[in-house]
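Thanks, everyone. I will put the structure up and then walk through a handful of local features.

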Amino acid sequence: MEKFKAAMLLGAVGDALGHRNARKDSSASGKKVQEEPRPSGDLDQLVLSPERWPVSDNTIMHLATAAALTSDYWCLDDLYREMVRRYVEVLEKLPEHWADPATLEGCSQLKPDNYLLAWHTPFNEKGSGFGAATKAMCVGMRYWKPERLETLVEVSIECGRMTHNHPTGFLGSLCTALFASYAAQGKPLEQWGRDMMRTVPLAEEYCKKTIRHLAEYQEHWFYFEAKWQFYLEERNISEDVGSKAAFPDRYGAEEREKAYRKWSSEGRGGRRGHDAPMIAYDALLGAGNNWTELCQRAMCHGGESGATGTIAGCLFGLLHGLDAVPAGLFQGLEHQEELARLGEALYRLSTQEK
């Protein structure tokens, strides 16, 4: 239970740390970002208050997803209607939290008063952003057991395409949900990427069953897979040979910045649904159980560090808990009590089910 609470809290901590960096100078290099906000050693003295270190829409939407998942729904369609209701409810608050335009547009397309089609949004050419990925880790926490994989696939896709109806967007939500489930299961970190890639065909089969936007999906589907295959091969973890992730001899802030831009689709690391989870995953592989190192890699770069920080922080919490994290980062955090409560509720519900 403690690790589930830690996951919800540290996702928001990663969001607050990373989003402030992203706002400060959207064109900054990773090296410049690490130098400007604070030296990494000062994390021990840092206190995240809502006034100075607010969370972004990443956390607000993750909270809404988690609240829906812990509500009293009796079938998945009811769950989706509850997600729609909560996403529309927070829509007015999002501009206060530096909301991503794609998330705002996606929420505006939802139809809470339409019982049958509430969550059926149009295909969106611009829906490939990170916003679907950053709100779906809790789906993997709710359905983390291997026997719930089919439900995880369906819920993460529907949760994602409600607001980001584009394969690069909603496959990002599948990815982060799967990674959260793998963390809860205790799977070796190097295995996560391979197992996720093996699950993507299940997502494609599910989309075919729902018969929505198949022609549009087809055109964009393989981009996500191709980018991830390239990444896994680059890290030497694409095959089941038990190898550890291979990093370059020099992989400081400048080298990471170049790598993040290379993985992106537009030269801004973490902007899309494929590379936001990728950068977070890369940071976890490189940082191990070192929280400060994770912050340098996922929360302090020149791209969408709020998105990558949200994902990386949440997954770090599931893997390692709060022991390595200075208390000032989460004790006064915005929405701290609600985040901890939802983490506990997700744990109880996920472990009560047979």
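N236 sits in the loop between α10, residues 214-234, and α11, residues 253-263. This is a predicted model, so please hear every number as a computed one. The backbone at N236 has a phi near 65°, a positive value in a residue other than glycine. As background, most residues other than glycine have a negative phi. On relative accessibility, N236 comes out at 45%, which counts as partly exposed.

H335 is another case of this kind, with a positive phi of about 65° although H335 is not a glycine. H335 is also a loop residue, found between α14, residues 305-320, and α15. The relative accessible area of H335 is 29%, so H335 is partly exposed.

That brings me to α15 itself, which spans residues 336-352. What does α15 meet in α3? The α3 side of the contact is made by T59, L63, A66, A67 and L69. On the α15 side, the residues are E338, L339, L342, L346 and L349. In general, two packed helices are described by the angle between their axes and the distance between the axes. For α3 and α15, the axes come within 10 Å and cross at roughly 40°. The crossing of α3 past α15 is left-handed.

Staying with α3, the helix covers residues 57-69, and D57 lies in it. The UniProt entry, which is unreviewed, carries a "binding site" annotation on S56 and D57. I take that from the record. Are these two residues buried or exposed in the model? S56 has 0% relative accessibility and counts as buried. D57, at 2% relative accessibility, counts as buried too. S56 belongs to the loop between α2, residues 30-35, and α3. The side chain of S56 is joined to that of D15 by a polar contact of 2.7 Å.

Next, a glutamate in a helix. E158 is part of α7, residues 149-163. With a relative accessible area of 1%, E158 is buried. Which side chain makes a polar contact with the side chain of E158? That partner is Y206, at 2.6 Å. Setting aside neighbours within four places in sequence, the contacts of E158 are Y80, W119, Y206, T210 and R212. Y206 therefore appears both in that contact list and as the polar partner of a side chain that is buried at 1%.

Last, the cysteines. How many disulfides does a search of the whole structure find? The count is zero. Two cysteines show why. Take C175: the closest cysteine sulfur is in C314, and it is 13 Å from the sulfur of C175, too far for a bond. The cut-off for a disulfide is a pair of sulfur atoms within 2.5 Å. C300 has its closest cysteine sulfur in C295, at 6.4 Å, and that is also too far for a bond. As for their surroundings, C175 is buried, with a relative accessible area of 0%. C300 is at 6% relative accessibility, and counts as buried.

To recap the main items: N236 and H335 have positive phi values, α3 and α15 cross at roughly 40°, and the search finds zero disulfides. I will stop there and take questions.

Conventions:
Residues numbered from 1 in each chain as written. Predicted model: local features only at pLDDT ≥ 70, side-chain atom pairs only at ≥ 80, totals over all residues. Heavy atoms only, no water. Buried < 20%, exposed > 50% of the residue type's maximum accessible area, 1.4 Å probe, protein only. UniProt positions renumbered as here; feature names shortened; annotations may be inferred. Helix = DSSP H or I, 4+ residues; strand = E, 2+ residues; numbered from the N terminus. Polar contact = N/O pair within 3.5 Å; in protein donor to acceptor, adjacent residues only side chain to side chain. Axes fitted to C-alpha atoms, helices over the stretch in contact; angles between N-to-C directions. Left-handed = near helix turned anticlockwise from the far one by under 90°. Contact = heavy atoms within 4.5 Å.
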